[in-house]
Amino acid sequence: MREEQKLNKAIKQDGIDTQSDILDELKRRYPQYVAQSEKKQITAKKRKFAFFSAIAAAVVCVAVIVPCVVLLPNRDNGAGNGGKEDVRYCTQAEYEKRYADYTIGEYRTSNNRDFLYFDWYEFGEDFSTICYINKSDEEVLGLEEQAYLPQSSEVVQLSITKANVYLSIFDSTIEYCNMERNVSNHLVKWSINAKEATCIFEDNGYRYFIQIAQGQDENRLFELVAELLEKN
Amino acid sequence: MNKTNRIKTIALITLCLPFCGGWTEAAEQDNRYVGGELISTYASETISYVSKQVVENVTTANGTPLYSAVSGMQNGCGAVAGATIVGFYDKYYANLIPDWDSYYSSGTYRIQNGTYVQTLLFDLYDRMQTNVVAPGVSESEFKNGLKSYVVDHGYSLEYTSLGTGNNFNYSAFKSAVKNNEPTVLFVQPSNLYICAFGENEDYIYTSSISGNHIMVAYGYYEVKYTLSNGTRTDKYLQVATGLSGTTDAFYKVGSYIDAAYQVKIK
């Protein structure tokens, strides 16, 4: 303000009228003030540019990045193809166990899913399929199939959930399968006790539990895992 | 008896009546068994041993079937335990589950069936009057319901008490197992154990049952560890828990029980 007041005073004293004359006279008499003034104008433009750039960047973030992060995984939810999803824990109060009148293989085909399963329907017996159903919306949260294999006189149980879904009934199994082994490039967590041999592994967005009755050793579990991974 | 004494006596009886009624009611009021679920499984102990010897690992022939409740059976642990007993004896008394065998030719008990076992479960659920008087079943409702099912299918059933509270008769239980007879346990919220084997280590995992529960014991397991600083022997009952996810587990010998009955069907 002081510079402006000085300029106004000088202009009045010298009787200069037109704008161009004023500017010329100013440049001649006070070159340092005029240069500062022009610099200030440039800085203000830069500030405006930076301000609008920031807003534009924020808009781009909201419009492009957020949908990428949030919406794309949700498309996987709908397709049920095992994409990365939020971790979901279900207590026993939230779901119920129901017998199904189809096999896991039939469910996989009719619902266009890509999980692994044992194609044991030709040589196995006494298949029993159980669904774990969300009480609130009837969503299938997990599948379980048991079969008796007469050749080896063993009962094998396969349970499947999405990798991000944790059903409370598997809590203890997840807890006590504390040994690790690599089978066909998959990390298999396993346990054997006086009752049964059990293992857990994940593949392509699904978690698999295999259980066989006591009397078997862990190698039988790993054979079954390899078989499951090979056949699909 | 003069008039004053008579009045005093009547007054005394009148005063005592409500208490007598209350006492009778309390005696009739059994614990209720609702089942519940396994909660808070955690690794409670790692036993590092120099050597391990399984002293005894005895079960009834092929154990028992491993059934669990299905949809529509709220508080159904009584029916599941009853069905386990019936499934066990169906191997010897074929009409217990009509038109279906509870076992394979190898002797192994069959997988829980969505038709026959489900029918059996709901039949027992109704006979035991599950959730009628109050949630779950009482000890007497369980016993009467199971007995009525067995009798209606042409057989008889005997219960033999193996003790209550901290007085479980372990040696009688062992005899029952050797006699190929399972035992029904009535327990309060308590712990089940999984003993996972490692290399020179056993990992004990503990899970808690959330409510009063009925389950079937069919064997015993005793293991002696030689440790670097001594020895220890662990003793467990082997139980068909009736709980989804962990249908087969250990129950510690010496745990408090409300009641235990050896069950014989003939």
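A cavity is a set of grid points where a 1.4 Å probe fits but cannot get out, and its lining residues have an atom within 4 Å of a point. The exercises below use this predicted model.

**Exercise 1. Describe the largest cavity and its lining.**

Step 1. Start with the search of the whole structure, which finds four cavities of 30 Å³ or more. The largest cavity holds about 130 Å³ of space.

Step 2. List the lining. There are 13 residues, and those nearest the centre of the cavity are R113(A), V140(A), L141(A), K162(A) and Y206(A).

Step 3. Assign the lining to secondary structure. Strand 4 and strand 5 (154-162) of chain A each give at least two residues. Strand 4 of chain A has the largest share, with four residues.

Step 4. Sort the lining by class. The result is eight nonpolar, two polar and three charged residues.

**Exercise 2. State which residues line the second largest cavity, and sort them by class.**

Step 1. Take the volume: the second largest cavity has about 80 Å³ of space.

Step 2. Read the lining chain by chain. Chain A contributes Q92(A), S168(A), I169(A), D171(A) and S172(A), while chain B contributes E37(B), L38(B), S244(B) and T246(B).

Step 3. Sort by class. Two residues of this lining are nonpolar, five are polar and two are charged.

**Exercise 3. Give the extent of the contact between chain A and chain B.**

Step 1. Note the residues on each side: 26 from chain A and 36 from chain B.

Step 2. Choose a quantity for size. The accessible area lost when the parts come together is often used for an interface.

Step 3. Apply that quantity. Chain A and chain B bury about 2,600 Å² between them, and 53% of this lies on carbon and sulfur atoms. Of the area that chain A buries against chain B, 26% comes from K97(A), Y99(A) and K195(A), more than from any other three residues.

**Exercise 4. Find the polar and charged pairs across the interface, and describe the side of chain A that touches chain B.**

Step 1. Count the salt bridges between chain A and chain B: there are two. In one of these, the side chains of R110(B) and D126(A) meet at 3.0 Å, N to O. This distance falls inside the 4 Å limit for a salt bridge.

Step 2. Count the polar contacts. Between chain A and chain B there are 15 residue pairs.

Step 3. Locate the chain A side. Elements supplying at least two residues each include strand 2 (95-99), strand 3 (125-134) and helix 5 (171-176) of chain A.

Step 4. Sort that side by class. Nine residues are nonpolar, 10 are polar and seven are charged.

How values were computed. Residues are numbered from 1 along each chain as its sequence is written. Chains are lettered from A and ligands numbered from 1 in the order in which they are written. This is a predicted model: local features need pLDDT of at least 70, side-chain atom pairs count only at pLDDT 80 or more; totals for chains, interfaces and linings use all residues. Side-chain values use heavy atoms; hydrogens and water are left out. Contact means heavy atoms within 4.5 Å. Buried area is the accessible area (1.4 Å probe) that two parts lose on being put together, summed over both. A polar contact is a pair of N or O atoms within 3.5 Å; within protein, one must be able to donate a hydrogen and the other to accept it, and residues adjacent in sequence count only if both atoms are side-chain atoms. Ala, Val, Leu, Ile, Met, Phe, Trp, Tyr, Cys and Pro count as nonpolar, Asp, Glu, Lys and Arg as charged, and the others, Gly among them, as polar. On a 1 Å grid over the protein atoms alone, a cavity is a set of points where a 1.4 Å probe fits but cannot get out, and a pocket is an open set with protein on both sides within 12 Å along at least five of seven lines; lining residues have an atom within 4 Å of a point. Grid points are joined across faces, edges and corners, and a volume is the space filled by probe spheres set on the points.
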